[in-house]
Amino acid sequence: MPIPYAEVVGDPIAHSKSPLMHRYWLESLGIEADYRARQVRLAEVGAYLAVRRKDPLWRGCNVTAPLKTEVLAHLSAIGPDARAIGAVNTIVPQGDEELLGVNTDAHGALLALAGVEVGDAAIIGAGGAARAALFALKVMGVERVVVINRDMIRARAALDDLEMDGRVLPLGTSPAVDLLINASPLGMSGQPETAFDLSVLPIGATVFDMVYAPLETPLLAGARTRGLATIDGLRMLAEQGAVAFAAFFQDGPEVADTQELREVLRS
């Protein structure tokens, strides 16, 4: 018998751990539903959503690269955080075939950075994840921000859209900051390593890598070797995912980032 389902979409998508995570929560909470992964290319976004919005069993989807900005044009409504960030990572049907786009990445980034004291920060990347990180830093009151990206025009647009002062620097530049965030695919399995000279970071700095496949990226390994504080990508994945899960299935885990979940996601 068909059951309700949600899914994660992107291109590529095989690396995603979202199905493992959401199925773990579904089983733990005794919810009869499924969570899947589906490859959707940029040119297919409109057709994909046109079909899904008519499916009564579809509870929504998470959106990953490179679709987080592309989906904006196909939604009926956009949440305030997603509108400010300029990127959507979660879509939920609202009835009458209407779709609401929200951004839970910023929430995940804020929880991942809870307790971290930040005077200045650098973000590698300028896509949807980087915009969410910038939004989180803005909420935290961090005023000195550097965006490092291959496309410096895109990096400047991310700062301008969020009405943040900051500098843009080319990929490969290594500014000395209190917090370094990798919000790019660099370091992901099959991708080049993150080009950043960790020796310029002061003692007491924090390195946050949003990549979670592999969990121990070369960037994090290098940071630990230098004795720097580190935050891995599973923390943000779990925290943002729990908010999306509750939107899909009207229930959710009391604690998102648990050791048991980490063991499941390492499998």
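**View 1. Glu97 and its neighbour Asp96 in the loop between β5 and β6.** Glu97 is partly exposed, with a relative accessible area of 40%. Keep in mind that this is a predicted model. Glu97 isn't a glycine, yet its phi is positive, at about 65 degrees. Asp96 also has a positive phi, near 55 degrees, and it's another residue other than glycine. With a relative accessible area of 78%, Asp96 counts as exposed. The loop holding Asp96 runs between β5 (90-95) and β6 (98-102).

**View 2. A cis peptide bond from Asp11 to Pro12.** Take a look at the backbone here: omega for the Asp11 to Pro12 bond is near 10 degrees. Pro12 sits in the loop that runs between β1 (5-10) and α1 (18-29).

**View 3. A cis peptide bond joining Ala65 and Pro66.** Omega comes out at about 5 degrees for this one. You'll find Pro66 in the loop between β3 (58-63) and β4 (77-78).

**View 4. The salt bridge between Glu216 and Arg224.** The model has 14 salt bridges, and here's a close-up of one of them. The side chains of Glu216 and Arg224 meet with an N to O distance of 2.1 Å. How accessible is Glu216? Glu216 is partly exposed, at 43% relative accessibility. Arg224 is partly exposed too, with a value of 37%.

**View 5. Arg235 and Glu239 paired within helix α8.** The closest N and O atoms of this salt bridge are 3.1 Å apart. Both residues belong to α8 (residues 233-249), and because they're 4 residues apart in that helix, about one helical turn separates them. Is Glu239 buried or exposed? Glu239 is buried, as its relative accessible area is 13%, under the 20% cut-off. Arg235 is partly exposed, with a relative accessible area of 26%.

**View 6. Arg235 reaching Asp257, and the wider network.** Arg235 also makes a salt bridge with Asp257, at 3.8 Å from N to O. This pair ties together distant parts of the chain, 22 residues apart: Arg235 is in helix α8, while Asp257 is in the loop between α8 and α9 (259-266). Asp257 counts as partly exposed, at 21% relative accessibility. Which residues make up the network of salt bridges? Asp232, Arg235, Glu239, Asp257 and Arg262 are the ones linked together.

Note on methods. Residues are numbered from 1 along each chain as its sequence is written. This is a predicted model: local features need pLDDT of at least 70, side-chain atom pairs count only at pLDDT 80 or more; totals for chains, interfaces and linings use all residues. Side-chain values use heavy atoms; hydrogens and water are left out. Helices (H or I, at least four residues) and strands (E, at least two) are DSSP runs, numbered from the N terminus. Buried means under 20% relative accessible area, exposed over 50%, partly exposed in between (1.4 Å probe, protein chains only). A salt bridge is a side-chain nitrogen of Lys or Arg within 4 Å of a carboxyl oxygen of Asp or Glu.
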